[in-house]
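Reader: Got a minute to go through the charged pairs in this one with me? Pull it up and we'll start.

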Amino acid sequence: MFEKLKELIVNYVDVNPEDITLESRFIDDLGFNSYDFMSLLGDLETELDVTVEESDVVNLHTVGEAIEYLEKLKG
């Protein structure tokens, strides 16, 4: 899951995959804006065949939090 997320992240922001950690914050560390973040989530929904709830997204600040949330959705 972590490697897949890193592959998608580098499509949206100018960051080296090896610089992405579980503690990386999407906005503060990786440089995401809200539009790019929502687009990334849309790609994840397609790639993983899950439905992301907008009300849950506001609590996802780090890569690790996103992975934990996505793994719960995958069951």
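Author: Sure. Let's start with a network of salt bridges that links Lys4, Glu7 and Glu47. Keep in mind that this is a predicted model.

Reader: OK, how far apart are the closest N and O atoms of Lys4 and Glu7?

Author: They are 3.6 Å apart, and the pair forms a salt bridge.

Reader: And how are Lys4 and Glu7 placed in helix H1?

Author: They sit three residues apart in H1, so about one helical turn separates them.

Reader: What about accessibility, is Lys4 buried or exposed?

Author: In between: Lys4 has 29% relative accessibility, so it counts as partly exposed. Glu7 is also classed as partly exposed, because its relative accessibility is 46%.

Reader: How many salt bridges does the structure hold?

Author: Five. Another one joins the side chains of Glu3 and Lys6, at 3.3 Å from N to O.

Reader: Where do Glu3 and Lys6 lie?

Author: Both are in helix H1, which covers residues 2–9. Three residues, or about one turn of the helix, lie between Glu3 and Lys6 in position.

Reader: Is Lys6 buried or exposed?

Author: Buried. Its relative accessibility is 11%, and the cut-off for buried is under 20%, so Lys6 falls on that side.

Reader: Switching topic. Which residue does Arg25 meet in a salt bridge?

Author: Asp29. Their side chains come to 2.9 Å, N to O.

Reader: And why are those two called partly exposed?

Author: Asp29 is put in that class because its relative accessibility is 40%. For Arg25 the relative accessible area is 38%, so Arg25 is partly exposed as well.

Reader: Now Ser24. Where is its place?

Author: Ser24 is in the loop between H1 and helix H2, the latter running over 34–48.

Reader: A loop serine, then. Buried or exposed?

Author: Buried: the relative accessible area of Ser24 is 6%, and anything under 20% counts as buried, so there's no doubt about the class.

Reader: What does the side chain of Ser24 reach?

Author: The backbone nitrogen of Thr21, at 2.9 Å.

Reader: And which residues does Ser24 touch, leaving out those up to four places away in sequence?

Author: With those left out, Ser24 touches Asp19, Asp29, Leu30, His61, Thr62 and Val63. You've met Asp29 already, as the salt-bridge partner of Arg25.

Definitions and conventions. Residues are numbered from 1 along each chain as its sequence is written. This is a predicted model: local features need pLDDT of at least 70, side-chain atom pairs count only at pLDDT 80 or more; totals for chains, interfaces and linings use all residues. Side-chain values use heavy atoms; hydrogens and water are left out. A salt bridge is a side-chain nitrogen of Lys or Arg within 4 Å of a carboxyl oxygen of Asp or Glu. Helices (H or I, at least four residues) and strands (E, at least two) are DSSP runs, numbered from the N terminus. Buried means under 20% relative accessible area, exposed over 50%, partly exposed in between (1.4 Å probe, protein chains only). A polar contact is a pair of N or O atoms within 3.5 Å; within protein, one must be able to donate a hydrogen and the other to accept it, and residues adjacent in sequence count only if both atoms are side-chain atoms. Contact means heavy atoms within 4.5 Å.
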